[in-house]
Structures are given as structure tokens and as C-alpha cells.
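Here is a friendly walk through one protein model, written for someone who likes to know the cut-offs behind each term. Have the viewer open as you read.

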Amino acid sequence: MSKIVTKIQDGSAPRSAARVGIGGPVGSGKTALIERLIPALGACGIESAVVTNDLVTKEDAKRLQSSGLISPDRVMAVEAGACPHTIIREDPTLNIAAADELARKFPQADVIFIESGGDNLASTFSLDLVDYWMFVIDTGAGDDIPRKKGPGIVRSDLLVINKIDLAPHVGANLELMKREAREVRSGRPMVLTNCRDNIGIDDLVGKLRHDVLFVGA
């Protein structure tokens, strides 16, 4: 298990924002998930900030900054310039610096999401960078993804199977995906989501509140 920052709620010591990694292949819905999480957490009084990672652009950061869901200065972009998982696993220095800057600027923040650039199933997060990480896959990529057993699928603290609404339209067997994901994850948790219709977001918020922020479900 990853280390988790204990949140001090009584004001007796400075708070430290929990750092939550979000990884997954291109198009799996990582940014859309963040767009749903920000207001859902905000409704619970939980403040967010975001670090995005892209290859040589700042597209995901610009999308969030213009979304109206979060103050633009609470979003920072990191350009990987190479394989995206290099800067979330081998040398996360750039991401650590960005998260540290957000934590200094917004000491009241409860969680800092660190969104990896889209990558393959091999991406994992350094535990020097995050306290907890989730891995996002989607039904549109095929129902055989869980049994391929990539590190993100097997080792992440939470697996998110996204775009469940697309399963019948692309011939994906959602029940098979769920069953095989449970098998390869050996009991680690999983949440099913449809960001377009806001399905599963409450379950995801509940997991973050309970497992990361320790404020109950």
C-alpha cells in the first residue's frame, strides 16, 4: 500500500494536502474524471488543486483552467517531453515541485490530483510523488484489458473502469471485465463510472474520503 498523509482536522497543526495520482491510457477519461470529482468533492467541503502532465503541450491544464470548475491558478501543467510515465515514476522531480508549489499557494487545499499524461498499461506512480493512486481504463478499449495485468491494473490503490455506457455499443462484456479485474487485483477496490452521466462518481468520492482523507464515507 502507498503511504497516506494523515489529515489533521482540529487546526492544531498545518494541513498537508493528500496527493492522488490518476493514470491510464490515452482517451480513458482521466481529465473527464477530474472534472466530475472537483465539484463533487467541493460539495463535501473538500478543496482541490491539479497538476496535469502532457508530452509537449498544456492541453489538459488549459481544459481544466477554462472549465469554470476550479480557479485557473489552482491548475499547473508539467510537460514530460518524453515518455509520460518517466516523470511520475523514474524521476518525479518536476511533479513534486509543481505539487509543492500548489501546496504553498493553497495551504487550505485538501487534495492535489496529479494526472499523468496518457500512457500504456505499464505506467505506475512513484510513492515519493503520491500518497494514493488510481488507474483508469475504459470499456471502449476492449474487455480484455483487465486480464492483460498491466502494473496499473494490478497494483493501483483503486481501479476505475470508465465509460461503462459504451460497453454495449462496442461489444464489450462489462461483467467479464469486472470479474477478471477482481481476479487480477486480489481484492483491491474497483469503481465503475460513466462520467458523461455522473454515474459512479459518488462511489469514487466515498472511496477518496474514506481511504485518503479519513473523513468518512
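## Salt bridges, sheet and cores

Asp211 and Lys207 both sit in helix 7 (residues 201-211), four residues apart, or about one turn of the helix. Helices (H or I, at least four residues) and strands (E, at least two) are DSSP runs, numbered from the N terminus. The model is a predicted one, where local features need pLDDT of at least 70 and side-chain atom pairs count only at pLDDT 80 or more, while totals for chains, interfaces and linings use all residues. Residues are numbered from 1 along each chain as its sequence is written, and side-chain values use heavy atoms, with hydrogens and water left out.

Asp211 and Lys207 form a salt bridge, a term that stands for a side-chain nitrogen of Lys or Arg within 4 Å of a carboxyl oxygen of Asp or Glu. By this rule there are nine salt bridges. Three of them are set out here, with the distance between N and O and the relative accessible area of each partner; buried means under 20%, exposed over 50%, and partly exposed in between (1.4 Å probe, protein chains only).

| Pair | N to O distance | Acidic partner | Basic partner |
|---|---|---|---|
| Asp211 and Lys207 | 3.0 Å | Asp211, 16%, buried | Lys207, 24%, partly exposed |
| Glu35 and Arg63 | 2.8 Å | Glu35, 18%, buried | Arg63, 39%, partly exposed |
| Glu47 and Arg74 | 2.9 Å | Glu47, 31%, partly exposed | Arg74, 11%, buried |

Glu35 in helix 1 and Arg63 in helix 2 (residues 59-65) are 28 residues apart, so this pair links distant parts of the chain. Another such link joins Arg74, in the loop between helix 2 and strand 3, to Glu47, in the loop between helix 1 and strand 2, 27 residues apart.

Now to the sheet. Seven strands make up an open sheet with parallel pairing, in the order 3-2-4-1-5-6-7; two strands pair if DSSP finds at least two bridges between them. Strand 3 and strand 7 (190-192) are the edge strands, each pairing on one side only. Inside the sheet, strand 2 and strand 4 pair over five parallel bridges, and Val51 stands opposite Ile114 of strand 4.

Strand 2 also holds Thr52, which is buried at 1% relative accessibility. Beyond its neighbours within four places in sequence, Thr52 is in contact (heavy atoms within 4.5 Å) with residues including Asp60, Leu64, Val78 and Glu115.

What does the largest nonpolar core contain? A nonpolar core is a set of buried Ala, Val, Leu, Ile, Met, Phe, Trp, Tyr and Cys residues joined through side-chain atoms within 4.5 Å. The largest has 31 residues, and those with the most contacts inside it are Ile112, Ile114, Ile137, Ile153, Leu159 and Ile161. Among the elements that give two or more residues to this core are strand 4 (111-115), strand 5 (132-138) and helix 6 (174-185). Apart from it lies another core of 29 residues, including Ile34, Leu158, Val160 and Val212.

Finally, there is one aromatic pair. The ring centres of Phe125 and Trp133 are 5.7 Å apart and their planes lie at 50°, so the pair is tilted. Rings of Phe, Tyr and Trp (its six-membered ring) pair if their centres lie within 6.5 Å; planes under 30 degrees apart count as stacked, over 60 as edge-to-face and the rest as tilted. Phe125 is buried at 6% relative accessible area, and Trp133 is buried at 5%.
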